[in-house]
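Here is a friendly walk through one protein model, written for someone who likes to check geometry against coordinates. Keep the viewer open and follow along.

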Amino acid sequence: MNTPSEPETEPERNTDDLLWVVPLEKCPFDQGVFVEVADRELAVFRMSHPSAVYVIDNACPHANGNLSAGDVQDGIVCCPWHGWRFHLCNGRSAQGSVVRVRSYPVEVRGGDVYIRI
Ligand code: FES
């Protein structure tokens, strides 16, 4: 007679200040990925040269454009709606504006992307 097996449980991935975002393997190089986690809408960018992972809020501060769908060049994402540009490393405008998008400190642990909150 078979006995029911224990249900698989999700490993505890978050800590007090780290929020799990996405497995790194789900992030293609040099383009954005939209992730919704813990009531946050995020854009994750896994860059190849130089190798880095960046996480910013997905909504463009101009009119909520989808930054994860923006083209990336030289560490700058270009909003697909009206072309505002932001540095992925710090969220600052690449056009000299004081407007910025929130960026998060990133940690990659065990093949997963986390942000420090
Ligand atoms: S919504 Fe991003 S530039 Fe307008």
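What percentage of the 117 residues in the protein is made up of buried residues? Buried residues come to 23% of them. Please keep in mind that this is a predicted model.

**Overall layout**

The protein has 0 helices and 10 strands, so read this as the DSSP assignment, where strands are runs of E. Along the sequence the pattern is β-β-β-β-β-β-β-β-β-β. Among the contacts with a separation of 6 or more, 39% link residues 24 or more positions apart.

**The four-stranded sheet**

One open sheet holds 4 strands in the order 2-3-4-8, with antiparallel pairing. Strand 2 (32-37) and strand 8 (103-104) are at its edges; each has a single partner strand, so one side of each lacks a neighbour in the sheet.

The pairings can be followed across the sheet. Strand 2 pairs with strand 3 (residues 40-48) over 6 bridges in the antiparallel sense, and Val35 has Leu42 in strand 3 as its bridge partner. Strand 3 is joined to strand 4 by 7 bridges, again antiparallel; here Arg46 has Val53 in strand 4 as its bridge partner. Strand 4 (residues 51-57) is joined to strand 8 by 2 bridges, and these strands run antiparallel. Val55 has its bridge partner, Tyr104, in strand 8.

**The three-stranded sheet**

Another open sheet has 3 strands in the order 1-10-9, with antiparallel pairing. Strand 1 and strand 9 (106-109) are the edge strands, each with a single partner strand, so one side of each is left without a neighbour in the sheet. From one strand to the next, the twist averages 30°. Strand 1 and strand 10 pair in the antiparallel sense over 5 bridges, with Tyr114 in strand 10 as the bridge partner of Trp20.

**The nonpolar core**

The largest nonpolar core has 21 residues, and those touching the most other members are Val21, Ala43, Val44, Phe45, Val55, Ile56 and Leu67. Strand 3, strand 4 and strand 10 (112-116) each supply at least two residues of this core. Strand 3 gives the largest share, 4 residues.

Val44 is a good residue to click on. Leaving out residues up to four places away in sequence, Val44 touches Val21, Val22, Cys27, Gly32, Val33, Val35, Val53, Val55 and Val113.

**Two residues to compare**

Is Tyr54 buried or exposed? Tyr54 lies in strand 4 and counts as buried because it has 22 C-beta neighbours inside 10 Å. Beyond residues up to four places away in sequence, Tyr54 touches Phe45, Leu88, Cys89, Ser103 and Val106. Tyr54 and Gly91 are 37 residues apart in sequence, with 9.7 Å from C-alpha to C-alpha.

Val22 lies in strand 1 (residues 18-23). With 19 other C-beta atoms within 10 Å, Val22 is partly exposed, because the buried class starts at 20 or more. Outside the residues up to four places away in sequence, Val22 touches Cys27, Val33, Val35, Val44 and Val113. Val22 and Glu36 are 14 residues apart along the chain, and their C-alpha atoms are separated by 9.4 Å.

**Backbone details in the loops**

Most residues other than glycine have a negative phi, and most peptide bonds are trans. With that in mind, two residues deserve a look for their phi values.

| Residue | Phi | Loop | Other C-beta atoms within 10 Å |
|---|---|---|---|
| Asp30 | positive, about 65° | between strand 1 and strand 2 | 13, partly exposed |
| Ala38 | positive, near 50° | between strand 2 and strand 3 | 11, exposed |

Ala38 belongs to the hairpin of strand 2 and strand 3, which has 2 residues between the strands. Strand 3 and strand 4 also form a hairpin with 2 residues between them.

Where is Pro50? Pro50 lies in the loop between strand 3 and strand 4. The peptide bond that joins His49 and Pro50 is cis, with omega about -5°.

Note on methods: Residues numbered from 1 in each chain as written. Predicted model: local features only at pLDDT ≥ 70, side-chain atom pairs only at ≥ 80, totals over all residues. Pairing = 2+ DSSP bridges. Buried ≥ 20, exposed ≤ 12 C-beta atoms within 10 Å, placed from the backbone. Contact = placed C-beta atoms within 7 Å. Core = buried A, V, L, I, M, F, W, Y, C linked by C-beta atoms within 7 Å. Axes fitted to C-alpha atoms, helices over the stretch in contact; angles between N-to-C directions.
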